[in-house]
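Reader: I'm new to reading structures, and I'd like a close look at a single part: the surface near the DNA. Could you walk me through that part and what surrounds it?

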There are 2 protein chains.
Amino acid sequence: MPRHSPAVEDYLKAIYEIRQEAGAKLVGTAALAEKLGVTRASVTGMLKKLAASTEHLIVYTRYRGVRLTPKGEKTALEVIRHHRLLETYLTAALGYSWDQVHTEADHLEHVISEDFEERIAAFLGHPQSDPHGAPIPQRDGSLPARREIRLTDLAVGQEGAISRVSDRDPELLRYLDRLGLRPPQRLRVLERGPFDGPLHIQSSTSPSVIALSRRVTDDVYVVVLSVN
Amino acid sequence: MPRHSPAVEDYLKAIYEIRQEAGAKLVGTAALAEKLGVTRASVTGMLKKLAASTEHLIVYTRYRGVRLTPKGEKTALEVIRHHRLLETYLTAALGYSWDQVHTEADHLEHVISEDFEERIAAFLGHPQSDPHGAPIPQRDGSLPARREIRLTDLAVGQEGAISRVSDRDPELLRYLDRLGLRPPQRLRVLERGPFDGPLHIQSSTSPSVIALSRRVTDDVYVVVLSVN
DNA sequence: AGACTGAGTTAGGTATACTTAACTCTGGAA
DNA sequence: TTCCAGAGTTAAGTATACCTAACTCAGTCT
């Protein structure tokens, strides 16, 4: 396995994650640029370079978009495994709170050795998910599929269990933490406001009803428990 | 404090360490090139760049050599603090042996946050030295001075306590470990072979006399205990 | 079918940090 | 005091990954 630059690893990871969130087959330049914090021109340049490389990590069609080859996907999953193991380790061993781990893990993920990965995985007892509930890819690149949906898409009356929360925004994580909304907390949708209005939910962590904006519910994933 | 690139941090660290080992006021291009694994031309280029920068980290005189400014030295010590804290942490928390930590720490030292540094320092109880016996600079940049000399320079008949061992060569570290020669092991010089010949020492870790080559004794530092 | 718009690309340029090859300086020995 | 070897520098070029500005494409709306 050749080693890839942090930049390349970030691109592969971003392609994987955007495809995952958006569901679309192909990932566009603009979405990548947005996620990576670079210009669209930079993304085009990198995609051309990667597509021309003998590594065959991506399939890139001009004006259409990118997707990962199996090899590219495996590499992306290795980086994601690093990231999620690190987040779990920082929480469990060094007392980081769940809103602090993301940035640190983003830097460390490109730098740790396979040995380091193995040691923290063993220390943690080979965990299945990180502090935000995201599943941790196994060494062989396998990732258990989940039947999770956005809290946004949970129908009124339905009950769900939080399976995962996006780790991107520390502010959001602190907010959710204050509300006690983290995996595997159960909740029920009571009401949905008009025009993408707030979602009213009931959870055992709060005696009163909680109203959540779209921004929030888009970043919270749940597994449906009942269809009342 | 501005952040510096891994390359810059490596140069500052190397300048500091070479000056330390060699004792000379100025560090030469060749020594830096050797230590950093790059060509002499590359070193010249980087030194010119650093000297021209408004950061004022080094003082560089063409054809003469470099030295660190107080600011450069402080930065170097911060990197070295990272390195030695990491080595200690990897040993104490993740079960690395002392010959495995150097490479991992070399990569991690450029990437960890101040927060991470603080957390591992606290976890370790703010240790004074790393697994090889090297002193760990404090946060304020202070470093307790030691009265240590090379084992090479310990006179016949003198007794010393190993204070530090170079962490550069894993092979050497495994060798020393097998002989039980690590801080703060005491030993006595029995005899010195001719022509930089082997140094014969006696240590409580071995019933028989141990013969050490120059390559080895140059990398072992001791504090003189007695002058018999 | 044509035009518009947002997404995407191209062209040209920057910064970092490295290389090789050829040249120059410095300090010690003859 | 000159010469020479090794240390150091310069010049030119490479690779990576980013930028801005200007252009083009694709798909939709009319």
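Author: Here is a walk along the DNA-facing surface, followed by the parts around it.

First, a word on the model and its labels. This is a predicted model, in which local features need pLDDT of at least 70 and side-chain atom pairs count only at pLDDT 80 or more, while totals for chains, interfaces and linings use all residues. Residues are numbered from 1 along each chain as its sequence is written, and chains are lettered from A and ligands numbered from 1 in the order in which they are written.

Let's start with DNA strand D. There are 21 residues around DNA strand D, and those that come nearest are A:Ser5, A:Ala41, B:Gly28, B:Ala30 and B:Ala41 (a residue is near a strand if its C-beta atom, placed from the backbone, lies within 6 Å of it). At least two residues each come from α1 (6–22) and α3 (40–52) of chain A and from α2 (29–36) and α3 (40–52) of chain B. Helices here are DSSP runs of H or I with at least four residues, strands are runs of E with at least two, and both are numbered from the N terminus. With five residues, α3(B) gives the largest share of the surface near DNA strand D. By class, that surface has nine nonpolar, nine polar and three charged residues (Ala, Val, Leu, Ile, Met, Phe, Trp, Tyr, Cys and Pro count as nonpolar, Asp, Glu, Lys and Arg as charged, and the others, Gly among them, as polar).

Now turn to DNA strand C. Of the 21 residues around DNA strand C, A:Gly28, A:Ala30, A:Ala41, B:Ser5 and B:Ala41 come nearest. Two or more residues each are given by α2 (29–36) and α3 of chain A, and by α1 (6–22) and α3 of chain B. Here α3(A) supplies the largest share, five residues. The classes are nine nonpolar, nine polar and three charged.

How do the two chains relate? A turn of 180° and a shift of 0.0 Å along the axis lay chain A on chain B with an RMSD of 0.0 Å (copies are superposed by least squares on the C-alpha atoms of residues with pLDDT of at least 70 in both). That is the relation of a two-fold axis. In chain A, the C-alpha of A:Leu108 is nearest the axis, 3.6 Å from it.

The chains also touch: 11 residues of chain A are in contact with 11 residues of chain B, where contact means that C-beta atoms, placed from the backbone, lie within 7 Å. On the chain A side, α4 (70–94), α5 (101–108) and α6 (114–123) give two or more residues each. That side divides into six nonpolar, three polar and two charged residues. Since 100% of the interface residues of chain A are also interface residues in chain B, the copies meet through the same surface.

Finally, look at two helices beside the DNA. The axes of α2(A) and α3(A) come within 8 Å and cross at roughly 110° (axes are lines fitted to C-alpha atoms, for helices over the stretch in contact, and angles run from 0 to 180 degrees between N-to-C directions). That makes α2(A) roughly perpendicular to α3(A), a term for angles of 65 to 115 degrees. In this contact, A:Thr29, A:Ala30, A:Leu32 and A:Ala33 of α2(A) meet A:Arg40, A:Val43 and A:Thr44 of α3(A). These residues divide into four nonpolar, two polar and one charged.

Note on methods. Contact = placed C-beta atoms within 7 Å. Parallel < 35°, antiparallel > 145°, perpendicular 65-115°, else oblique.
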